[in-house]
Amino acid sequence: MKLTPEKVGTWLSSSGPDSDVVISTRVRFARNLIDVPFVVRMKQFEQELVLETVRWALADIGFLKQGRFFEEEMLAEPDGLYFVERHLASLDLITSKTRKGLFVSEDETVSLMVNEEDHIRFQVLASGFDFVTAFGKAAELDEKLEGQLAYAFSPEFGFLTSCPTNVGTALRVSVFLHLPGLVLTKEIERVLRGAYALGLLVRGVFGEGTESRANLFQISNRRTLGQSEAEIVEVVSSVCRQIVDYEHKARQFLMHNLRVEVEDKVFRSLGLLRGARIISTEEATDLLAMVRFGVALGIINELRLAEVTQLLILVRPANLQAVLGEKLRGDEQDERRATFIREKLVR
Amino acid sequence: MKLCDICGKKEATLVVRQLDKEGKATDLNVCAECAKKRGLTGVEECEPDSGAVIAELKSRMEESDSKVICPRCGMSFAEFKRAGRLGCADCYQAFTEKLKPIIRRLHGAVQHIGKTANQGRKRAQERLEIQRLRAELEKAIKQEDYEKAAALRDRLKRRGDETDS
Ligand SMILES: [Zn+2]
Ligand SMILES: [Zn+2]
């Protein structure tokens with residue numbers, strides 16, 4: 001049994017600060033247990049031991065009482081992709097051959113992977129631009145877990161991780177941004193280069209590498225050592241603040257100077273989604289993002305930001321099949337996706 | 001910025017050119033430090049066989065990487081360089097000199113500042129002990145050794161009381 005597929009995580013509710021631009025804020029910590037080798041060197045009994053130990057620790061943490069722990073069969077391909085599409089697990093976890101586990105809180109804002117690249121990787125997601133909630137909750141969970149588990153730590157290198165890119169605080173914070181204004185005004189290159197120069201990592205969300213789909217981007221810290229947790233949050237958050245303000249300015253500019261062109265793009269996208277009989281995930285993503293832009297700008301009033309944002313996840317292959325409760329071939333999928341979107345966008 | 005072909009860490013400041021039999025040139029970028037170490041300072045154009053010398057030095061470096069081994073998990077530094085993942089917490093100690101330049105390049109620092117680990121260790125060890133006792137208890141019950149099972153149950157109970165307090 002999956003978590004309820006038609007109900008997506010509350011972090012997709014577009015109710016947090018600056019939700020018109022920032023879809024979500026994510027805070028992730030990596031931790032390894034002392035006295036057990038890292039994942040690449042673990043024997044099977046050690047993988048099981050870590051799994052069991054972490055499960056035990058989680059059961060004792062009050063605010064996670066409502067949640068579920070998934071193991072082997074649930075996480076294997078293709079079913080495990082469901083969690084990847086929902087941003088609750090990494091593809092590496094799903095494709096790895098190790099004994100692994102995934103904890104997901106009931107509202108899907110907290111998730112914890114066991115035996116991915118590190119013994120433990122947990123994340124907290126919050127709706128909108130909200131480091132207070134995301135970081136606060138993640139720090140609390142870290143604290144609680146540490147009451148139960150002994151972590152590998154060195155005074156010099158900090159929290160020890162399997163890959164040196166994560167060592168130190170082992171903290172990765174990121175924001176999931178929707179930047180159609182900057183893309184349409186062609187300012188995006190400059191902004192992303194600037195963010196990179198300030199020490200951040202910029203990725204497209206649905207494309208490979210830096211290629212982006214649907215004007216969706218993810219910005220996160222590159223450094224994890226030599227800066228405190230608070231400093232890392234501060235850097236990402238202040239750069240993100242500037243990007244959000246800049247996106248707002250770009251949107252104002254577009255609405256003043258190119259309103260008809262923007263409306264044309266938005267309504268054509270909505271029209272295609274409402275008329276299509278066959279649609280791929282990629283096309284649906286691009287069009288939904290443009291409709292989301294229209295809702296955020298107040299060009300489209302009959303839809304809510306949350307429902308369009310949530311569709312970005314629900315139309316992905318594994319989620320679509322989970323929602324419809326059927327296994328579908330590729331061509332069937334495109335047809336059913338079109339029907340599903342049409343029904344959702346009918347007013 | 002071009003990185004040194006020998007150490008792969010520092011910025012290359014020198015180009016060593018090698019000509020093959022057909023007269024085709026291959027350039028090797030070398031940093032000042034490696035050049036000094038290999039006696040290449042001031043060399044602008046090398047003898048045709050200097051490339052072979054450098055190739056040999058490089059392979060010797062690789063050989064030395066495979067000799068640096070973590071005593072706990074048995075991973076060699078060469079293995080780490082191939083996979084990009086360390087084998088255990090002790091690898092950081094074992095490879096510390098070789099890792100530091102890499103960490104500095106990644107993070108611009110080699111000293112952690114920020115939160116330090118609490119010692120959840122004692123509690124964690126207690127948990128592992130409880131887990132071990134439970135497994136033994138299960139085994140004793142399976143083997144119908146009820147006397148042993150009762151003793152184990154009492155020990156578990158005592159431990160449980162301690163950890164709950
Ligand atoms: Zn060098
Ligand atoms: Zn090791």
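Helices here are DSSP runs of at least four residues, numbered from the N terminus. The model is predicted.

**Exercise 1. Set out the fold of chain B and say how much of it is buried.**

Step 1. Count the elements. Chain B has two strands and seven helices.
Step 2. Put them in order. From the N terminus, the run is β-β-α-α-α-α-α-α-α.
Step 3. Apply the burial cut-off, under 20% relative accessible area. By that test, 33% of the 165 residues of chain B are buried.
Step 4. Turn to the surface. Chain B exposes about 10,700 Å², and 50% of that comes from carbon and sulfur atoms.
Step 5. Check the contacts with a separation of 6 or more. In chain B, 34% of them join residues 24 or more positions apart.

**Exercise 2. Test the length of helix 5 of chain B against the expected span.**

Step 1. Take the residues. Helix 5 covers residues 96-107, twelve in number.
Step 2. Use 1.5 Å times one less than the number of residues. The expected span of helix 5 is therefore 16 Å.
Step 3. Compare. The end C-alpha atoms of helix 5 are 15 Å apart, which agrees.

**Exercise 3. Find the buried side of helix 5 of chain B, its partners, and what follows the helix.**

Step 1. List the buried residues: T96(B), L99(B), I102(B), I103(B) and H107(B).
Step 2. Locate them around the axis. They cover an arc of only 125 degrees, so they lie on the same side of helix 5.
Step 3. Name the partners. These buried residues pack against helix 3 (77-83) and helix 4 (91-94) of chain B.
Step 4. Look past the end. G108(B) follows helix 5, with a positive phi near 70 degrees.

Key:
Residues are numbered from 1 along each chain as its sequence is written. Chains are lettered from A and ligands numbered from 1 in the order in which they are written. This is a predicted model: local features need pLDDT of at least 70, side-chain atom pairs count only at pLDDT 80 or more; totals for chains, interfaces and linings use all residues. Side-chain values use heavy atoms; hydrogens and water are left out. Buried means under 20% relative accessible area, exposed over 50%, partly exposed in between (1.4 Å probe, protein chains only). Contact means heavy atoms within 4.5 Å. Accessible areas come from the Shrake-Rupley method with a 1.4 Å probe; for residues, only the protein chains shown count as cover. The arc is that of the directions from the helix axis to the C-beta atoms.
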